[in-house]
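Q: I'm new to this one. Could you pick a single part and take me through it slowly, in plain words?

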Amino acid sequence: MKIPRHYENTEIIHVNTEAPHCLFTPYIKNGKNQTILLSGDDWAFKYYPSVEEANGTFIYPEFDKSQFEMISVPSVWQMLGYDQKQYTNIQYPIPFDPPYVPADNPCGTYIKDFDLEKEAGKSYFIVFEGVDSGFFLYLNGKEIGYSQVSHNISEFNITEHVKTGGNRLAVLVLKWTDGTYLEDQDKFRTSGIFRDVLFVTRPEKHIGDYVITSEYENGKGLFSFTTTSAAGQIPIEIALYDKKKFIRRAIVTHRVSFCVENVRPWSAEDPYLYTLQISAGEECITEHVGFISIKVEGTSFLVNGKPVKLLGTNRHDSNPKTGPVVTREDVKQDLKLMKDANFNAIRTSHYPSTPWFYDLCAEAGFYLVAEADLECHGVTRLQDVVVKDAFGLLASDPAFEKAIVDRNLLNVMEHRNKCAIVMWSLGNESGWGKNMENAAALVHTLDATRPIQYEGAQRAVSDGFLIDTSELDVDSYMYASPSFIKNYQGLKPVFLCEYIHAMGNGPGDIEEYIDAIYSNSCSMGGCAWEWCDHATYEGEDKVHGPIYHYGGDAGEKPHDGNFCMDGLTYPDRRPHVGLLEYKNCLRPVRAVMKYTETAACLSFSNQMFFFSNASDYLYAKYEIKKEGKLIEKGEFEFPCLLYGKKSKTVKEFPLTEDDSYLTIVYYRKHGSSFVKKDSQAGFDQFPLFLKKKQTVRISPETPVELQEDEESFTISGKGFSYCFNKKKAALSALVRDGQELLADISEYSVFRAPTDNDANIKSSWYEAGFDSLKVRTFAAQAERKEYSVTLHFSFVLGPVSKQPVLKCEAAYTIHSDGSLDCICKAIKDTAFPDLPRFGLLFNLKKDKKNILRYYGYGPYESYEDKHQASHLDVFTSPVKDLFEDYVRPQENGSHYGTRWIEVKGLRFESDTPFSFNASYYTDSELAEKKHNWELISSNSLLLHIDYRMSGVGSASCGPKLNDRYAINESEIIFSFSLILA
């Protein structure tokens, strides 16, 4: 068997495939399903490192398939132990020499036997819902055809070749085709039949394709049904139902239109669906119809006549154990988590999702940005090219015009009847050129009811090219800064197709983006990058749980490391704190507090119910607490609250001088199969004081002893003893009731284990020597008073080979009750970069319990720019549970806005809120190890008491950290107290 080289010919994309058509499942009128799922665990498979090595006789019925392995389909062979696992983002995994692919082109051969009783007057089809990257199909020893678009449907008419009795289906799947140059998506590169295979029996005369439009206008539904192809002349009748209530019946010759009065429109917040029954000859087809209109008017993006913000995420089909193979349960789990997180939008990055995804989204209520299977980002990595000039290389290459247009044609033809789709996307990061213009023009021809977005066009404009973007209906950007969005003034709505890069500990700038999006009427929202971390599951670790591998862990070259670990959830869908942060930033209503001299006046605004009264969906409960102690609680209904409106004052709370806080939690009144009734939708929190009373502490009047030698000061009193090292200007021993509490000397700390979002600044930290600063003390003096001793230190913190970073003065006052007051002043040399943190590290002895209590932002890790998921309260937690176990270790578990913490009988407190971090892993350990399961626990409990911890931002791909969250001040004053409990 000689394999034709279709896979290196850009003019040959599909051979003998059926014409593209909408997705539907036909059945016979007696209810008999005509579609048989051929997926299962009875496929024979053999992998070959090169297509030339493949045994061509496998296509014949007499071939002995016992020499093959039995596998399950759908699957990808890299996850079954064959070939090389590989993750790459931008880089092409093959040499760039289009249309050619490597001579050693790995392939997989598949055999599936099935029985059939062939009937006269029937047509038979094989449908492949997804095969990566291209494949040849054979039946009973005959070549049927070829196709090579991975994430779209390939359907073949096999009527002439199928027979009564046993039939043998054989498939040769190629790893690489010329289509690989158009499928350079940011994901693990996998191969095989990764979506379902269907065997469909149909009458000879049957409907081939149809178009449904169901627009909403002024309370009416404008419905039309058009047949665009049919095999033979068949009678077609349609019937529309509202649930079980009959609405309208019509006979269709070509096109029928009618108006539905008093229609209930479809939206993400009210995903109401009608049922359409299509009778076509012997067949029936059921479609779910949502009445929705999408329009762009000037700079406004309108859904059902109202401006709407699309706020959600980009999503791949992904499973850590099966790769791109996902089940309905997998997808439902994603949608449930998204719905709970208040998302209303999903972008199908960077290809069409599994076919039934679109119906699930219509049922659940998500606005979809439906993307074509197109990305050729790797052109920007060619040798000695200017990125902006290279980006449009394939988008302008006539050889790829047919393929680029075809991928957009398939996307629209298959999905245009799906009401959840509100916008088409031509693809991702593929530059701009005539091919993209032609694709956009075709999309508008195929579907005039939806707008088009494509970020690559705006990139070309930004790069200085004069291009025609008239076919695009919105402006689209990636990772533009909040200030850019806030101040954006264009002629079209602006959409952030990717923003808040959720890699590792982050994103830290969500609230800023949401504020910017809502402050500018031009902004129609954005989709976070991205939904989940991508990794391969490799077993279990006793301490850290799942062992995950990312790029490079399989020894592949090239690879892009852990850049695939950039999701709002872990690979198994455990939420990152970033997802919880995003959820509360998207809370459907927001409380507004106005303060008078005596009261806090509470009102609300509706943020996310664009068509509804928020009071129909939510109720609220409130609590007032003082340092964790409940003072008052209650519940109230919302007033009438329409989108964009602010309510009158709902309730007034008297102000006090106590450190008391009001927390309002929003709950859902209704549930569905995707979100639970009475589940939390978000919260707000406000202080109920204008100025907090300062802490006053009175020490007993008992003597304090001071001993001094060349190396140290020792201060002792009843039941306690402190020892300070003069050279280090730091606490070296702390004894309480005869027990030493320190495992090692305390340290001044400015370094943190870099987060993924520190990627653009961590090199400057290391270059500045922040990870290895040395203390040089110039003065160490003791000042004795009757009931206290104050130690004064003058010192610098400096790296090897460079000038000091910080010049410091520290004063430690030890009182007769054993308490310690610290005040540290530091002047920073502005030649150095912004500090990651500034504070003290206390190396405490570990014990079996190590329970920590704190009054601060919790229960989740929190930072200056990432604390919307947390609230101020008193929390109790084992130290181990404060650790956020990112797959690639990094700074984690800090707690912002802390008033006090208690651990091991020590209480650290301050009148100025501070950050703390308690962990069993050193910063150097977190910085050096590549995986969480490689971490080695310290012998100490490492407690950071920080003046400030730098924000985390989203600069792994987004804008640099906002200056106000950076530690860029030239003078620092930090004070806290340590109290012996």
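A: About 780 Å³ of space lies in the second largest pocket, the volume being the space filled by probe spheres set on grid points joined across faces, edges and corners. A pocket here is an open set of points on a 1 Å grid over the protein atoms alone, where a 1.4 Å probe fits, with protein on both sides within 12 Å along at least five of seven lines. The model is predicted, with local features needing pLDDT of at least 70 and side-chain atom pairs 80 or more, while totals for chains, interfaces and linings use all residues. Residues are numbered from 1 along each chain as its sequence is written, and side-chain values use heavy atoms, leaving out hydrogens and water.

Who sits around this pocket? It has 36 lining residues (an atom within 4 Å of a point), and closest to its centre are E747, Y748, S749, D771 and L841. Two or more lining residues come from each of β49 (747–749), β50 (774–784), β54 (837–845), β58 (906–919), α11 (923–928) and β59 (940–949). These are DSSP runs numbered from the N terminus: helices are H or I, at least four residues, and strands are E, at least two. Helix α11 gives the most to this lining, with five residues. By class, the lining has 15 nonpolar, twelve polar and nine charged residues.

Now set it beside the largest pocket, which holds about 1200 Å³ of space. There, 47 residues form the lining, and L23, F24, T25, E129 and P355 are the closest to the centre. At least two lining residues come from each of β3 (35–37), β12, β16 (197–203), β23 (283–289), α2 and α4. Here α2 gives the most, with four residues.

That helix is worth a look too. Spanning residues 357–364, α2 is mostly covered, with six of its eight residues buried, meaning under 20% relative accessible area with a 1.4 Å probe, protein chains only. The buried ones are F357, Y358, L360, C361, A362 and A364. They pack (heavy atoms within 4.5 Å) against helices α1 (328–340) and α4 (401–415), and also against strands β28 (345–347), β29 (367–371) and β30 (421–425). Just after α2 comes G365, with a positive phi near 100°.

Note on methods. Buried < 20%, exposed > 50% of the residue type's maximum accessible area, 1.4 Å probe, protein only. Nonpolar A, V, L, I, M, F, W, Y, C, P; charged D, E, K, R; others polar.
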